[in-house]
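Reader: Could you take me through one part of this model up close, and then work outwards from there? I'd like to know what I'm looking at before I set anything up.

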Amino acid sequence: MRSTSNSVLRILVFISCGIFTNTHGQDYVVIKDFIDEWNVFQNNKYESYKQKIGSPTTIHFVVEANKYRGSYLHVTAAEPFTLFVNGQLASKSDEELRISVDSLKAFYKSPTLQISLHQNEILDNGLRTVLESKATTNQGASDPTALRSTSFRDFAIVGMVVLMILLIVIIQLNPKLASDYFSVTKIFSMREGDDSQAYSRITNSINILFYVYCSLMLGYYLMLVFHFLPAQYASALLFQSATFWDAIFRWLELSLIILGVFFFKIIIVYSLSFVFGIKEIGGIHFFNWVRLLLGVFGVLTIVLFLYFISHGYGQGFYLFLLTTISWVLAGWMVLIIFKLQRQMGHSMFHLFSYICATELIPFLITIKVIYF
């Protein structure tokens, strides 16, 4: 009971001293980021966070109050956190806290402030600890966060230009095949033409070029969505970027992974269609899968790009676009059953078993990777 009373009293004193500052109605600029100074306590000593073992739950760093007079400690997090100053409980917050360094110095009667932040699990991109000062007219350009936002915006524009140029090139190389891939009506059509060159030559050079384009497009789509997701999405944390070239590298890395999935899908579809004795549908199956990805996510990528460059930063919208992936893939499983049923003479149970092996299991793995 006494500890609870002390905590309540401390918070009331903090408020009366003006330590907790209103974050609205005032512009701030970042003057220091503490991420490179994070420490963790392990092996009976404090070591750099970069040398962490396992998943730490508490990070520590030091703020020299005399050096940063008039500044504010700003903590933002994707999950609730607890703040300790010089070993004493200071505050608990769900996502954001801005504290006057001068007030902390006066309250704790120390020019050296040992800051500790505790969470259930510290995530690299899920916690931000910076010092800020109130903005003046000419300070905005020095904000690292603004620079990061600008570099990612440059990446988004350059990436879209690259995708448009590549699209024009592959359409010029084979207009007929391109019209097959981008035909909206054929995505939902239950009849397939027997003369499609893609069915019998699924791995020729022009088809591979379409796979490369589709991989780049999906990688671009995910890069923009991942940039605005909360930290609990582990996959998104792997593809965060701080500079323009870092974003380009992450995009290519993600696209290469997706391209690998494409070739793995080819192996799975053709191998299992042979095992199930329906090898004639392998080409139709894979071609329609790529056709769906190009058609649906081509439109969604354009919508996403227009929303982003219009300064749309609503996290809910990006979460919706991430959820759309699962709905599209789930709908595809239903659609391909009806499309393939007309191409084979086996029972529905036989076809359903084939779809479970080629679509349902990969779908569950995809959901696990993207959403958890």
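Author: Let's start with Asn44, which sits in the loop between strand S2 (39–42) and strand S3 (45–48). Strands (E, at least two residues) and helices (H or I, at least four) are DSSP runs, counted from the N terminus. Bear in mind that this is a predicted model, where local features need pLDDT of at least 70 and side-chain atom pairs count only at pLDDT 80 or more, while totals for chains, interfaces and linings use all residues. Residues are numbered from 1 along each chain as its sequence is written, and side-chain values use heavy atoms, with hydrogens and water left out.

Back to the loop: Asn44 has a positive phi of about 65°, although it isn't a glycine. Is Asn44 buried or exposed? With a relative accessible area of 73%, Asn44 is exposed; the scale here is buried under 20%, exposed over 50% and partly exposed in between, using a 1.4 Å probe and protein chains only.

Next along comes Lys45, which pairs with Glu47 in a salt bridge whose closest N and O atoms are 3.7 Å apart. For the record, a salt bridge is a side-chain nitrogen of Lys or Arg within 4 Å of a carboxyl oxygen of Asp or Glu. The two partners sit in rather unlike surroundings: Lys45 is partly exposed at 45% relative accessible area, whereas Glu47 is buried at 12%.

That positive phi has a counterpart elsewhere. His311, also not a glycine, has a positive phi near 65°. His311 is in the loop between H10 and H11, and at 51% relative accessible area it counts as exposed.

Now the salt bridges. A search of the whole structure turns up nine of them. In helix H9, Arg250 has two partners worth clicking on. Asp246 bridges to Arg250 with closest N and O atoms 3.6 Å apart, and because these two are four residues apart in H9, about one helical turn separates them. Glu253 also bridges to Arg250, at 3.2 Å between the closest N and O atoms; both lie in H9, three residues apart, again about one turn. The trio is partly exposed: Asp246 at 22%, Arg250 at 24% and Glu253 at 31%. Elsewhere, salt bridges with shared partners tie Lys176, Asp180 and Lys186 into one network.

H9 also matters for helix H12 (348–371). Together with helix H8 (234–237), helix H10 (282–309) and helix H11 (315–341), helix H9 (244–275) is among what covers the buried residues of H12. Those buried residues include Leu351, Tyr354, Ile355, Phe363 and Tyr371. H12 isn't straight either: a kink of about 45° is centred on Cys356, the bend being the angle between axes fitted to the seven residues ending there and the seven starting there.

On the surface side, Ile157, Val161, Ile165, Val169 and Leu173 make a nonpolar patch with about 430 Å² of accessible area together. Patches gather residues with over 30% relative accessible area and no salt bridge, joining like charges within 9 Å and nonpolar side chains (Val, Leu, Ile, Met, Phe, Trp, Tyr) within 5 Å. Leu173, in helix H3 (144–173), counts as exposed at 55% relative accessibility.

Zooming out, the protein chain has 12 helices and 10 strands. Of its 372 residues, 47% are buried. The chain exposes about 19,000 Å², 63% of it from carbon and sulfur atoms; areas come from the Shrake-Rupley method with a 1.4 Å probe, and for residues only the protein chains shown count as cover. Take contacts (heavy atoms within 4.5 Å) between residues at least 6 apart in sequence: 76% of those join residues at least 24 apart.

Before you set anything up, check confidence. The chain averages a pLDDT (the predictor's confidence in each residue, from 0 to 100) of 82, and 84% of residues score at least 70. Among the elements, helix H7 (205–226) has the highest mean, 94, and helix H1 (2–17) the lowest, 48. Residues 137–145 stay under 50, with 12 contacts beyond four places in sequence in the model. Where pLDDT is low, the predicted coordinates should not be read in detail.
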